[in-house]
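Here is a quick walk through one chain of this predicted model. Have the sequence and the coordinates open as you read.

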Amino acid sequence: MRKESWKELTIGTINLDAGNSVKNLTGTWRSGKKPQFIEEKCIHCFFCWLYCPHFAIEVDGDKVKGINYDYCTGCGICSVECPPKDKAIIMVKEEIKLFEEKAR
Amino acid sequence: MSKFMTLNGNQTIGEATRQVDPDVIAAYPITPSTAIVETIAKFKADGLITGEFVCPESEHSAMSLCIGAASAGGRVMTATASQGLALMWEMLYIAAGLRLPIVAAIVNRSLSAPINIHGDHSDTMGARDSGWVQIYSENSQEAYDNFIQAFRIAEHLDVRTPVLVGLDGFIISHSMEVIRVEDDAEVKKFIGEYKSVYPLLDSKLKMTVGPIDFTDYYFEHKRNQIEGIENAPPVIEEVGKEFGKKFGREYGFFEEYRLDDAELCIVVMSSAAGTCKDAIDEMRSEGKRVGLLKPRVFRPFPHQRIAEVLIKMKAVAVLDRSSSPGAFGAPLFTEIRSALYDYEERPKIANYVYGLGGRDIKIEHFKDITSDLEKIVETGKVEKIYSYINLRE
């Protein structure tokens, strides 16, 4: 994504592109760990969806579908909150990439 | 029709506020600016001000309210002093960062500790990097004139930056003076209609004001902000000239007093410049070639314009009514000394801190400073770069 020079910005920090925070891929913040969703163990309680600070849990109707890695920061809250003893979300290792490589 | 009125500095700002009649006024009373808020409250109660007047629980809230109202699209003003301005500190940066043309009358007063209610420039000098335009006044008439011009400067599309107008605590704020108050309609015509470019109240505009910036945008937004105050000089000049044409009192970046053939120059801002003029008249009658340069605009600092006048001098004394502990000199001095750096031929220069906490500065003190300057010219040496006036050693 091309970033504007200071001359191209609207004065006073005003952002005329309301809702553009979807362009801010917080998934680039992950540093070494990511959650892995194991569908067959999921009881679809929606706790992960409720607790996720970045709305990165994808659902369809009353079913949890998985994780949107564009926005998942790898914080691990979903995995901690997942109620089954045999967790439906576990944290797994992920190769650390430079910010520039991760950003689209 | 314009008329003469006997007012003190605070009432003068109140009178100007009534004439401007901003959409929103938010202020919390604090000595020595209390009477500004009091005068405005009275005008509002008497139905002479149509805008909203809010007296919130603190100065921090007052400036926050100004920011909200200005973002909404209103013409906004406030008034405060000393600790009040200090409490506004974080909001001052936000007002400037959001490029909101808020106008503030600041009655210059010292900062605690020790607690003191009298005049010095510690408060506004503390806010000198906040991004606000700063204009200082020698007397009530200048405070009135500067305050009216401040709206034009702040609201100019190239600038859109908050402006503060300083007037010395007690010496100006509480002294009765006969001032010329211009006709209400003429003042309104001069400042014109204000139109916000991105008002929050415009529901057709889908926008965010003051969003978070990460490392990839903050720097660009800050640079974008700086452009506003850097665009101010031609606007300040144009507004000062237009004011002169309309009301007969023209303003620039600074005033020169008996400088044409001067060899020695005293640089001093605000009310002390009045005393300095009397001292210069006396010294001139004794044949001393001394003059005054009174800066009016401190931010943006007119460094080149000031330097071009001062390089013709042999010695310059810069007087500061605030200190900058641990710095090379007080604020005005460091600006001016730095402005002279690029010139090969430049005058000798010394810094004097005076008047902290309302301590008097008298004609004899300006004469002592001039004697110092004569000695500097004679010996070619500045023995003391930094000293204090009228202080018990």
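## Two domains in chain B

The domain assignment splits chain B into domain 1, covering 3–247, and domain 2, covering 254–388. Between the C-alpha centres of domain 1 and domain 2 of chain B there are 28 Å. Where the two meet, domain 1 of chain B puts in 27 residues and domain 2 of chain B puts in 20 residues.

So much for the counts; what about the elements? On the side of domain 1 of chain B that touches domain 2 of chain B, those giving two or more residues are α6 (122–126), β6 (133–137), β7 (163–168), α9 (218–230) and α10 (232–247) of chain B. The largest share there, five residues, belongs to β6(B). By class, this side of domain 1 of chain B has 12 nonpolar, 10 polar and five charged residues.

## The mixed sheet

β6(B) also turns up in an open sheet of seven strands, ordered β3-β2-β4-β5-β7-β6-β12 in chain B, with mixed pairing. Which strands stand at the edges? They are β3 (52–54) and β12 (297–299) of chain B: each has a single partner strand, so one side of each is left without a neighbour in the sheet. On average, neighbouring strands of this sheet are turned by 20 degrees against each other, ignoring direction.

At the β12 end, β6(B) and β12(B) pair antiparallel over two bridges, and B:Q134 has B:R299 in β12(B) as its bridge partner. Helix α3 (residues 59–72) of chain B packs on the sheet, where it touches β2 (24–26), β3 and β4 (76–80) of chain B. The direction of α3 of chain B makes about 165 degrees with that of β4(B).

## Around β14

Now for strand β14 (residues 348–353) of chain B: is it mostly covered or mostly open? It is mostly covered, with five of its six residues buried. β14(B) is joined to strand β13 (residues 315–320) of chain B by six bridges, and the two run parallel. In this pairing B:V318 stands opposite B:N351 of β14(B). To get from β13(B) to β14(B), the chain goes through helix α13 (residues 331–340) of chain B, in a right-handed β-α-β crossover.

β14(B) also pairs with strand β15 (residues 386–388) of chain B, in the parallel sense and over three bridges. Here B:N351 comes up again, standing opposite B:Y386 in β15(B). The β-α-β unit made by β14(B), helix α14 (residues 363–379) of chain B and β15(B) is left-handed, whereas the crossover from β13(B) to β14(B) is right-handed.

## Meeting chain A

Across the chain boundary, 18 residues of chain B are in contact with 12 residues of chain A. On the chain B side, α9(B) gives the most, with five residues. That side of chain B is an even mix by class: six nonpolar, six polar and six charged residues.

One residue to look at here is B:Y198, in the loop between α8 (184–191) and α9 of chain B. Leaving out residues up to four places away in sequence, B:Y198 touches A:I14, B:L205 and B:M207. Why does B:Y198 count as partly exposed? It has 18 other C-beta atoms within 10 Å, and a residue is buried only at 20 or more and exposed at 12 or fewer. The C-alpha atoms of B:Y198 and B:G73 are separated by 7.2 Å, though the two residues are 125 residues apart along the chain.

Methods:
Residues are numbered from 1 along each chain as its sequence is written. Chains are lettered from A and ligands numbered from 1 in the order in which they are written. This is a predicted model: local features need pLDDT of at least 70, side-chain atom pairs count only at pLDDT 80 or more; totals for chains, interfaces and linings use all residues. Domain bounds come from an automatic or database domain assignment. Two residues are in contact if their C-beta atoms, placed from the backbone, lie within 7 Å. Helices (H or I, at least four residues) and strands (E, at least two) are DSSP runs, numbered from the N terminus. Ala, Val, Leu, Ile, Met, Phe, Trp, Tyr, Cys and Pro count as nonpolar, Asp, Glu, Lys and Arg as charged, and the others, Gly among them, as polar. Two strands pair if DSSP finds at least two bridges between them. A crossover is right-handed if, with the strands pointing away from the viewer, the path from the first strand over the helix to the second runs clockwise. Axes are lines fitted to C-alpha atoms, for helices over the stretch in contact, and angles run from 0 to 180 degrees between N-to-C directions.
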